[in-house]
Amino acid sequence: MEHKAGFVNIVGNPNVGKSTLMNDLVGERISIITSKAQTTRHRIMGIVNTPDYQIVFSDTPGVLQPKYKLQESMLNFSEGALVDADVLIYVTDVVEDPSKNADFLAKVAKEKIPVLLVINKIDLVKEQKELEDLTERWRGILPNAEVFPISAKEGFNTDNLLKRIVELLPVSAPYFGKDALTDKPARFFVTEIIREKILTLYEKEIPYSVEVIVEKFEEKDKSIHIMAVIYVERDSQKGIIIGHQGSKIKKVGMEARKDIEKFFDKSVFLELFVKVEPNWRNRENKLRSFGYME
């Protein structure tokens, strides 16, 4: 049997379960998952290897109308995913309005590559007829797509989706080493884990005003020393992040450290600092230094 390899890009609106699906397909917790929208800010690759094939999955930020430069960059990541894929997975769910972001959908409908339309969260559907009606509506919007009703959270029907992806892959040598799990460096996952804790522990606009940069990552045989800076846009946000007598940031550090230790299977010494960087989401030089722009 000839070896197959290809790029499978996952796109869709915020909060439909793209990251949960990718983590299920890859079998590793690569994309951060929280109940808040706009969790994923970069394109994150997860690589699945077997002796017969290599699938390079790419999870992208949710498609939205940009309100500031950071969101413009996120939309560019999502639109770029339409250009360089062998297979495109468009994820929706049983709750969202199919007409949302019609411009982006129109681009997906014109795709010449195979498009797999994934209707996620079917565990929330009470009546089978409801799912049938929704499927028919989507067939009208993306007539060339194959439809896969799934529940990424429950792992329902994702095996059939994976089987179909493998069938559609082109014959090719692997693009990455066979032991590769992702194209992202270790530091990236540290920032994502810290950002996930901030998304979970803080309310309102705080998580969206935050960026995390790892300034020190010293790895030894059994331990890692990490120093990370949490950037916010205003002094008042800095106070909220730190909390009364440092209680909040201490909690972020404790919870993040546990997950980082699990991820790297080593003991971790984590230091967190908070700095104010006014209006960083709209400043190109800052977005570039934070890795959002070429």
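Select residues 223-232, strand β8, together with β9: the two strands pair in the parallel sense over ten bridges. The model is a predicted one. To check a single bridge, pick Met227 and then its partner in β9, Glu271.

Now add β7. The open sheet has three strands in the order β7-β8-β9, and its pairing is mixed. Residues 211-219 (β7) and 267-276 (β9) are the edge strands, each pairing on one side only. Ignoring direction, neighbouring strands of this sheet are turned by 15 degrees against each other on average.

Next, show the helices that lie on this sheet. Helix α7 touches β8 and β9, and its direction makes about 155 degrees with that of β9. Helix α8 lies across β7, β8 and β9, running at about 135 degrees to β9.

Keep both helices on screen and select residues 235-242 for α7 and 247-264 for α8. How far apart are their axes, and at what angle do the helices pack? The axes are 5 Å apart and the angle is about 60 degrees. On the α7 side, show Ile240, Ile241 and Ile242; on the α8 side, show Ser247, Lys248 and Ile249, which complete the contact. By class, these residues divide into four nonpolar, one polar and one charged.

Move to strand β5, residues 115-120. Are its residues mostly covered or uncovered? Six of its six residues are buried. Colour Val115, Leu117 and Ile119 to see one side, then Leu116, Val118 and Asn120 to see the other; both faces of the strand are covered. Add residues 87-93, strand β4, which pairs with β5 in the parallel sense over six bridges. One bridge to look at joins Leu88 to Val115 in β5.

For another helix pair, select α1 (residues 18-26) and α5 (residues 158-168), whose axes come within 10 Å and cross at roughly 75 degrees. Angles from 65 to 115 degrees count as roughly perpendicular, so α1 is roughly perpendicular to α5. Show Leu21, Asp24 and Leu25 of α1 with Thr158, Leu161 and Leu162 of α5 to see the contact. Four of the contact residues are nonpolar, one is polar and one is charged.

Finally, zoom out to the whole chain. Its secondary structure comes to nine helices and nine strands. Of the 294 residues, 53% are buried. The chain exposes about 14,100 Å², with carbon and sulfur atoms supplying 51% of that area. Among contacts between residues at least 6 apart in sequence, 71% join residues at least 24 apart.

How values were computed
Residues numbered from 1 in each chain as written. Predicted model: local features only at pLDDT ≥ 70, side-chain atom pairs only at ≥ 80, totals over all residues. Heavy atoms only, no water. Axes fitted to C-alpha atoms, helices over the stretch in contact; angles between N-to-C directions. Helix = DSSP H or I, 4+ residues; strand = E, 2+ residues; numbered from the N terminus. Parallel < 35°, antiparallel > 145°, perpendicular 65-115°, else oblique. Contact = heavy atoms within 4.5 Å. Nonpolar A, V, L, I, M, F, W, Y, C, P; charged D, E, K, R; others polar. Buried < 20%, exposed > 50% of the residue type's maximum accessible area, 1.4 Å probe, protein only. Areas by Shrake-Rupley, 256 points an atom, 1.4 Å probe, with all protein chains shown as cover. Pairing = 2+ DSSP bridges.
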